[in-house]
Amino acid sequence: MKHVKLSDDIYYLGVNDRRTHLFENAWPLPNGVAYNSYLIVDEKTALVDTVEYGHMEDFLQRLEDILGERQLDYLVINHMEPDHSGAIRQITNLYPDIQIVGNKKTFPILEGFYGISQNLYEVSEGDMLDLGKHKLNFYMAPMVHWPETMVTYESTTKTLFSADAFGSFGTLDGGIFDDELNLNFFEDELRRYYSNIVGKYGNQTQKALAKIADLDIKLIAATHGPIWRCHIDWIIEKYQKWSLYEAEEDGVVIVFGSMYGNTEKMADHIARTLSEQGIKDIRIYDASKTHASYIISDIWKYNGLIIGSAAYNGGAFPAVTSLLDKLKNMYVKNRHFGIFGSSSWGGGGHRTIQKWAEEAKLEPLGPKAEARCAPNDDDFALCDEVAIEVANAIKNPK
Ligand SMILES: Cc1cc2nc3c(=O)[nH]c(=O)nc-3n(C[C@H](O)[C@H](O)[C@H](O)COP(=O)(O)O)c2cc1C
Ligand SMILES: [Fe+2]
Ligand SMILES: [Fe+2]
């Protein structure tokens, strides 16, 4: 690969992973993912994060190619998750005198994963490391996305090395900077990455955003996805919204779990009524079919959410239960919410969703829309009421 620079002395050293099917063995990667690392060449040299173990060969080759006979003086570890720390042992083998820069929460994890406990250079909030022309300043960003996570601000080029924050799924296929790419594609992959990976840490993301608010930022170099140099306000604005759990658009996500189609009929009926009420963006998802990753991403996007389930062994249908479970710790707020379902004896689907909503502090709108076996006219009328209340809440924001 050709060498790509962020500025005169900062190199992009990222790699594309098109092979892994599931990120963290959990989230689909139909468009792959990039692991980004950066090299600063000054009086002192510093590498900011590394890449995933299986993808380090090309990365190490490019690093050695740029450095030539020079030593690597520092490795800055913003985040210890193995998708970025995977090449640390190889780096310390190649450059045994390297100083490893991290904070007090970094080092126990570094030793735990890689048995490395020497040449540590501990930094805390606001500390500065002088590389010559370039000065690195460190800010802690706990839980965005692990407890040891920090961000590094280089004040000469005004570059923020932001770790997972502002990162995206999707490989960098030619274009590496935001102005070289079509952001329509990355907008969805950014939201999916944020909601799936960082989504539960909205409060912590808010704190990190407050810390960087006063920095003059010309470049954001995240550990996944594009490098930001033109749309910096845009991406920060997205993160503000997402971390406050504010929806981006009017619209309704309807998710259902159904074995024999009765609950699905109710979903279609609700969707038609929503449409008659003027709601244009309506997405119906079969929880058994569409991976939760995409459903969660759309839940972040739209301000309406209606969940339905067939009763299943006294509870909700497994695919719905699994989605509710994933959403449980994500503290989704500010959504106009409804429930529906079908059962044949003691119920369980509707009840389970209701209990989940209570814990999530989401208030269901409309009456209890639960059909006994196949939905009849009365059941559809209840579905209408749920749909109309959700539509009204969307059309008449408080
Ligand atoms: C494996 C299985 C478990 C079920 N468990 C319950 C239950 O615990 N309570 C209940 O009221 N109905 C239960 N039912 C009945 C279905 O929930 C009911 O027939 C419903 O109308 C099916 O909706 P669907 O067509 O959307 O799948 C169960 C059905 C199956 C196949
Ligand atoms: Fe991470
Ligand atoms: Fe990551």
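Which residues are the protein donors of the iron ion (ligand 3)? In this predicted model, the job falls to Asp83 and Asp164, each through OD, and to His84 and His224, each through NE2. These donors lie 2.1 to 2.3 Å from the metal. Along the sequence, the donor residues follow the spacing D-H-x79-D-x59-H.

Now look at the geometry. The angles among the four donor atoms run from 85 to 172 degrees, and the site of the iron ion (ligand 3) comes out as irregular. Why not tetrahedral? Four donors count as tetrahedral if all angles lie between 85 and 135 degrees, so the 172 degrees found here rules that label out. For reference, the ideal angle for four tetrahedral donors is 109.5 degrees.

There's a second metal to find as well. Asp164 bridges the iron ion (ligand 3) and the iron ion (ligand 2), and the two ions lie 3.3 Å apart.

Back to two of the donors: are Asp83 and His84 buried or exposed? Asp83 has 8% relative accessibility and His84 has 1%. The cut-off for buried is under 20%, so both residues count as buried.

Next, turn to the sheet. Five strands make up an open sheet with mixed pairing, in the order β12-β13-β14-β15-β16. At its edges sit β12 (128-130) and β16 (219-222), each pairing on one side only. On average, neighbouring strands of this sheet are turned by 20 degrees against each other, direction ignored.

Finally, zoom in on one pair of strands. β15 (residues 159-163) runs parallel to β16, and the two are joined over four bridges. Within this pair, Ala163 stands opposite Ala222 in β16.

How values were computed. Residues are numbered from 1 along each chain as its sequence is written. Chains are lettered from A and ligands numbered from 1 in the order in which they are written. This is a predicted model: local features need pLDDT of at least 70, side-chain atom pairs count only at pLDDT 80 or more; totals for chains, interfaces and linings use all residues. Side-chain values use heavy atoms; hydrogens and water are left out. Donors are N, O and S atoms within 2.8 Å of the metal (3.2 Å for Na, K and Ca); water is not among the atoms, so sites may look incomplete. Four donors count as tetrahedral if all angles lie between 85 and 135 degrees; four count as square planar and six as octahedral if opposite donors are over 155 degrees apart and all others between 65 and 115; anything else is irregular. Buried means under 20% relative accessible area, exposed over 50%, partly exposed in between (1.4 Å probe, protein chains only). Two strands pair if DSSP finds at least two bridges between them. Axes are lines fitted to C-alpha atoms, for helices over the stretch in contact, and angles run from 0 to 180 degrees between N-to-C directions.
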